Every structure is written in structure tokens, then in C-alpha cells.
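Here are some exercises to work through at your own pace. Try each task yourself before you read its solution.

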Amino acid sequence: RAKEEGRNSFQLYQPAMNARSLEHLALETALHGALQRDQLLLHFQPLVRADTGEPVAVEALLRWQHPELGLVSPADFISLAEETGLIVPIGEWVLRHACLCHGRWREDERAPLRMMVNISARQFRQEGFVEMVGRVLHETEMEPSLLTLELTESMLMDDTEASVLRMQKLRELGVSLALDDFGTGYSSLAYLKDFPIDELKIDRLFVRGIDRNMRDAALASAIISLGHSLGLRVVAEGVETRAHLDVLQRHGCDLAQGFHFSKPLPWQTFVAMYGKASAQAVPGSSACQAAR
Ligand code: C2E
Ligand code: MG
Ligand code: MG
Ligand code: MG
């Protein structure tokens, strides 16, 4: 009897496992198909000078236009893409399309915007990653100095020596590097001095309360000073209000990004607001032309 009970509980447990892995598999298959069916797209959010509000850069943010689920946020599928390794082809797609889209509006601009692209841990560690970046730059005729790759602290900590080496190779290509979500990772300041980065992006966690909470403001101010003393440009993420901006300006923050200036926008809207008339469709890609 005990044996039967044991089997019953085993059987009860089993279907749940299957359902979960089936769900996982279904999403994985769907995500795999998303790349082939052209369901991935980029939204673009400007980064502005904190003192003047002048746009100086733009971050490409990935979206998945799912036929039933609608627009899926990267928070809901990036980790799955990481686990399954799909982030490698997806990440390459993001980089290529960001560069292609950039080419469509850069020609007429007096001061071209820098393009910022998020890189995931698995992608960064992938054999041949640096070569891939070089190839995409070449194929899309992207000006390397106008590309910034966003890395996170946690992905650099695993093997710092190898990370630093890879970062140096990326810089040799002419691209610049930003440390994204700064303050939320391991934040070992000892390592910060070794990372060959150009820019620090303060996570919005630290920006949220700066107008109301003295400790938050003190922390943001300290991060800005730290960045500046290391010769880095400092960006504040998640700037949602005029009050946030006021505090950041007072502390000499260089750039700001957030809903106060603009939400991430579909390609056409972004170009209409920040580009020039010459922005055209990219041949063979619906990612930059579709008004979605
Ligand atoms: P992130 O790189 O830190 O990007 C900033 C996130 O904050 C974006 O969320 C953006 O929409 C959101 N945001 C911008 N301004 C504000 C604001 O004022 N208030 C608030 N509450 N949020 C704001 P999103 O687009 O959902 O992306 C989430 C994360 O997904 C990104 O965080 C990044 O880590 C990851 N991600 C996005 N695109 C890619 C990609 O192409 N590749 C990889 N590997 N990761 C990506
Ligand atoms: Mg980012
Ligand atoms: Mg960020
Ligand atoms: Mg963030």
C-alpha cells in the first residue's frame, strides 16, 4: 500500500512537471520562430544631456510582437533566451538591426546620435563575440565610434581577466562601453577601476527617490562623483519627473534617460521626432519600416 501511495504521489507530481516543461518548450519553440517570422523589433529611447535636454544617444530595446500575446517585454523572454542559447542569434539580430536603423537617420544629422545596444552575459562570453561585432560593423557600414555596447557588472565578475581582455578587444574595434544598471550588481569598486569602460548608467532604483529621500540623493550624488573621478560619463536611468532631473542637474549628472523625456518609441515615431526626412526603410527588413 505504501508503495502504491508512493506511486500515486509520483504520478501526481509527474504531470505538473510535464506541463511546465511543455510550456517552457512551447515558449522556446515560439521564440525560436520569432526570429524567423520577423516578430522581433526594436524600440528606441533617447538619452539627453542633463543640462540642455539635447538628445545625444539612443538605446535600442528589444520587443517581441507575439501573434496572440501582443507586444512582449524583454523582461519576459530575455532569461529564456539566455537559458536556451537563443540569445546568441537574437543578440546578433539586435545589433545588426540597430546598426541598420542607425544608418537610416544618421546621414543628415549634424550631430549624429550614438546607438546603445544591450549585450547579455551569455552573448558576451560566446566564442567569437568580438569578431561578430566587428563583422556586423563592417557589413552595416556602422561608424564604430557611434556604437556603445551596454554591459552589466554581474556578467563581468565571473572571469574578470577574460572580461577585461574582451572589453579591450571591443574598444580596439572603436566601439565604446557602458556599464548598465550600475549599483544593482556586485558593485565591487575594486573591479570598477580595471574595467575599460566609458560610461556608467545609474540604475533607476537609485533615481526613483532622489527628490524625496536624502539618502537616495546622497547615493546618486556619490555614484556621479565616483564616475567622474574615474573619468567616466554618467547617465541616470528612469528619470520620470522634472524633480528627478533637478536633483541630477545639481549633482552634475551628464546624461539622462527616462519617461520624463520619452518612452521607448517604435522606429517611425522615433525618426519623426529625432531623425531627419531621409530616414527610409531598410531593404529586406521590416524591423525599421513597420509602424509598430
Ligand atoms: P535596461 O537596459 O536597463 O533598459 C532600461 C529599461 O527601463 C527599459 O525597459 C526601458 O523601457 C525602461 N525605462 C526607461 N525609462 C524609464 C522610466 O522613466 N521609468 C521606468 N519605470 N522605466 C523606464 P525594457 O525595454 O522593458 O527592457 C528591460 C531590460 O531588458 C533592459 O534593461 C535590458 O536589460 C533588457 N533588454 C532590452 N533589450 C535587450 C536586448 O536587445 N538585448 C539584451 N540582452 N537585453 C535587452
Ligand atoms: Mg540598457
Ligand atoms: Mg539599464
Ligand atoms: Mg535597468
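**Exercise 1: A metal site**

Along the chain, the donors of the magnesium ion (ligand 2) follow the spacing E-x58-N-x31-E-x29-D. Donors here are N, O and S atoms within 2.8 Å of the metal (3.2 Å for Na, K and Ca); water is not among the atoms, so sites may look incomplete.

Before you start, note that this is a predicted model, in which local features need pLDDT of at least 70, side-chain atom pairs count only at pLDDT 80 or more, and totals for chains, interfaces and linings use all residues. Residues are numbered from 1 along each chain as its sequence is written, chains are lettered from A and ligands numbered from 1 in the order in which they are written, and side-chain values use heavy atoms, with hydrogens and water left out.

*Task.* Find the protein donors of the magnesium ion (ligand 2).

*Solution.*
- Step 1: The protein donors are Glu59 (OE), Asn118 (OD1), Glu150 (OE) and Asp180 (OD), at 2.0 to 2.3 Å from the ion.
- Step 2: Glutamate 59 is in strand S2 (residues 55-66) and glutamate 150 in strand S5 (residues 147-152), so this pair ties together parts that are 91 residues apart in sequence. Strands (E, at least two residues) and helices (H or I, at least four) are DSSP runs, numbered from the N terminus.
- Step 3: Now look for a neighbouring ion: the magnesium ion (ligand 3) is 3.6 Å from the magnesium ion (ligand 2), and aspartate 180 coordinates both.

**Exercise 2: Buried or exposed?**

*Task.* Decide whether glutamate 59 and glutamate 150 are buried or exposed.

*Solution.*
- Step 1: Recall the cut-offs: buried means under 20% relative accessible area, exposed over 50%, and partly exposed in between (1.4 Å probe, protein chains only).
- Step 2: Glutamate 59 has a relative accessible area of 5%, so it is buried.
- Step 3: Glutamate 150 has 1%, so it is buried.
- Step 4: For the whole protein chain, buried residues make up 46% of the 292 residues.

**Exercise 3: Backbone angles**

*Task.* Describe the phi of aspartate 38 and of aspartate 181, and place each residue in the chain.

*Solution.*
- Step 1: Most residues other than glycine have a negative phi.
- Step 2: Aspartate 38 is not a glycine, yet has a positive phi of about 65°. Aspartate 38 sits in the loop between helix H1 (2-36) and strand S1 (40-49), and is partly exposed at 30% relative accessibility.
- Step 3: Aspartate 181, also not a glycine, has a positive phi of about 55°. Aspartate 181 belongs to strand S6 (residues 176-182), and is partly exposed at 26% relative accessibility.
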